[in-house]
Amino acid sequence: MRKPTMADVARHAGVSLKTVSRVVNQEPHVRASLQQRVHDSINVLGFRRNEAAARLARGATMLTLGLVMENISNEFYARLAAAVEAAAAGHEALVVFGSYEERPDKERMLIESMHARGVDALIVVPSPADHGWLAEHGGLRTVFVDRVPRGLDRADVVMLDDERGGRAATEHLLARGHRRVALVSDDEGLSSVHDRAVGYRAALREAGVAVDEGLVVRGVFEPGRVSYEVGRLLGLPDPPTAFFATNNRAAIGVLRALRERPERPAYVGFDDFALADVFSPGVTVVRYDIGRLARAAVELLLSPVREPRRVRVPVEIVARGSGELPPPWPSGQTSLKSPHVGA
């Protein structure tokens with residue numbers, strides 16, 4: 001199907017082509033009413049300016065986007081980088097990457113360094129630190145991905161439907177008869193982690209199950225530490241019969257903990273990962289379209305609209321076996337020799 005042009009926008013809005021050009025290029029002295037008509041037509045028609053062509057016409061160099069992430073060694077960030085690069089290619093833009101390795105000071109250094117070196121706009125997966133200092137860089141267009149930045153009241157953010165994901169994962173386990181569901185959680189100062197935990201607690205309450213904070217592990221994400229915490233929880237007098245891990249590394253930690261234990265608790269992870277369908281049973285996960293996440297971020301970054309917006313990308317449960325296991329023992333019973341529920 002033919003892509004809409006500025007001429008199409010002009011006809012739809014009932015204005016001149018010059019007016020559309022001035023609005024798209026953010027030139028001054030266009031009446032607010034005309035700007036609104038043009039933006040409405042852009043949204044209806046799905047018009048998208050060729051940023052590379054526009055820059056070259058002005059004598060500028062090729063559009064360069066920066067992507068600042070937490071840790072490129074994490075599969076989520078590797079997949080995100082590939083998806084952003086693919087989305088940017090549709091605009092004939094280049095992408096440069098930086099990883100701040102859980103260090104907020106390095107995150108700021110990367111952002112300021114990219115800005116100083118002529119990067120046109122940034123996609124940032126923010127750390128838990130305050131980002132109010134970015135207000136000093138008003139000329140730097142930034143879209144945040146996966147998390148809402150602290151300290152910025154006005155920011156474009158593309159996030160997952162994290163609360164719904166946490167709720168769906170917990171409801172999935174509750175539907176299989178689990179009433180002792182543990183939460184293995186990262187830093188709840190991150191909006192994504194916080195919202196997943198909110199969904200977890202809401203699902204328990206709605207099912208009439210008390211939230212036992214003794215089954216909630218906070219601030220862990222490294223598989224080794226997660227493995228230790230899972231072992232500790234399974235050693236409780238009334239252990240959990242199921243686990244919800246709020247990210248892919250936590251899910252791997254659960255797997256590591258269970259490989260040499262006799263218990264067979266159920267578990268659901270948030271984020272899909274390579275080989276999740278190879279384990280026996282396969283790992284049930286909350287999954288989403290990372291390409292959609294990346295495309296939404298790039299579109300926001302290049303949009304002529306400057307009002308802050310938040311986009312939520314939907315999530316879904318992918319059942320592979322681990323989340324469908326029944327409780328291995330009734331609540332209050334710790335002996336594996338006793339009859340199993342659902343056996």
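Let's begin with the aromatic rings. In this predicted model, a search of the whole structure turns up three aromatic pairs. One of them joins F76 and Y77 edge-to-face, with 4.9 Å from centre to centre and 75 degrees between the planes. Another brings F76 together with Y288, also edge-to-face, at 6.4 Å centre to centre and 70 degrees between the planes. Why do we quote both a distance and an angle? Because a pair of aromatic rings is described by the distance of the centres and the angle of the planes.

Now look at where F76 and Y288 sit along the chain. F76 belongs to helix α5 (residues 75–89), while Y288 is in the loop between β10 (284–287) and α11 (290–302), so their pair ties together parts that are 212 residues apart in sequence. Buried or exposed: which word fits F76 and Y288? Both are buried. For F76 the relative accessibility is 5%, and the cut-off for buried is under 20%, so F76 counts as buried. Y77 is buried too, with a relative accessible area of 3%.

Step back a little and the ring pairs link F76, Y77, F270 and Y288 into a cluster. F270 has a charged visitor as well: the charged end of R196 sits over the F270 ring, 3.7 Å from its centre.

Next, the nonpolar cores. In soluble globular proteins, nonpolar side chains tend to be buried together. Here, the largest nonpolar core has 51 residues, and those with the most contacts inside it are L65, L80, V84, I123, V158 and L293. Which element gives this core its largest share? That would be α11, with nine residues. To get a feel for the packing, click on L80: leaving aside neighbours within four places in sequence, L80 is in contact with L67, V125, V145, I290 and L293. Apart from this core lies another one, of 23 residues, including L233, A250, V254 and V285.

On to the charges. How many salt bridges does the structure hold? There are 26 salt bridges. Here are some of them, with the N to O distance for each.

| Side chain | Side chain | N to O distance |
|---|---|---|
| R103 | D105 | 3.2 Å |
| R164 | E171 | 3.5 Å |
| R201 | E213 | 3.2 Å |

Take R103 to start with. You'll find R103 in the loop between β2 (94–99) and α6 (104–116), and its relative accessibility of 41% makes R103 partly exposed. R103 and A129 are 26 residues apart in sequence, and their C-alpha atoms are 9.2 Å apart in space.

In the bridge between R164 and E171, R164 is partly exposed at a relative accessible area of 37%, and E171 counts as partly exposed at 30% relative accessibility.

The bridge between R201 and E213 has a buried end: R201 has a relative accessible area of 14% and is buried, whereas E213, at 37% relative accessibility, counts as partly exposed. R201 lies in helix α8 (residues 191–206) and E213 in the loop between α8 and β7 (216–217), so this pair ties together parts that are twelve residues apart in sequence.

Finally, some bridges share partners: E70, D146, R147, D162 and R196 are joined by salt bridges into one network. You've already met R196, whose charged end sits over the ring of F270.

Methods
Residues are numbered from 1 along each chain as its sequence is written. This is a predicted model: local features need pLDDT of at least 70, side-chain atom pairs count only at pLDDT 80 or more; totals for chains, interfaces and linings use all residues. Side-chain values use heavy atoms; hydrogens and water are left out. Rings of Phe, Tyr and Trp (its six-membered ring) pair if their centres lie within 6.5 Å; planes under 30 degrees apart count as stacked, over 60 as edge-to-face and the rest as tilted. Buried means under 20% relative accessible area, exposed over 50%, partly exposed in between (1.4 Å probe, protein chains only). Helices (H or I, at least four residues) and strands (E, at least two) are DSSP runs, numbered from the N terminus. A charge sits over a ring if NZ of Lys or CZ of Arg is within 6 Å of the ring centre and within 35 degrees of the ring normal. A nonpolar core is a set of buried Ala, Val, Leu, Ile, Met, Phe, Trp, Tyr and Cys residues joined through side-chain atoms within 4.5 Å. Contact means heavy atoms within 4.5 Å. A salt bridge is a side-chain nitrogen of Lys or Arg within 4 Å of a carboxyl oxygen of Asp or Glu.
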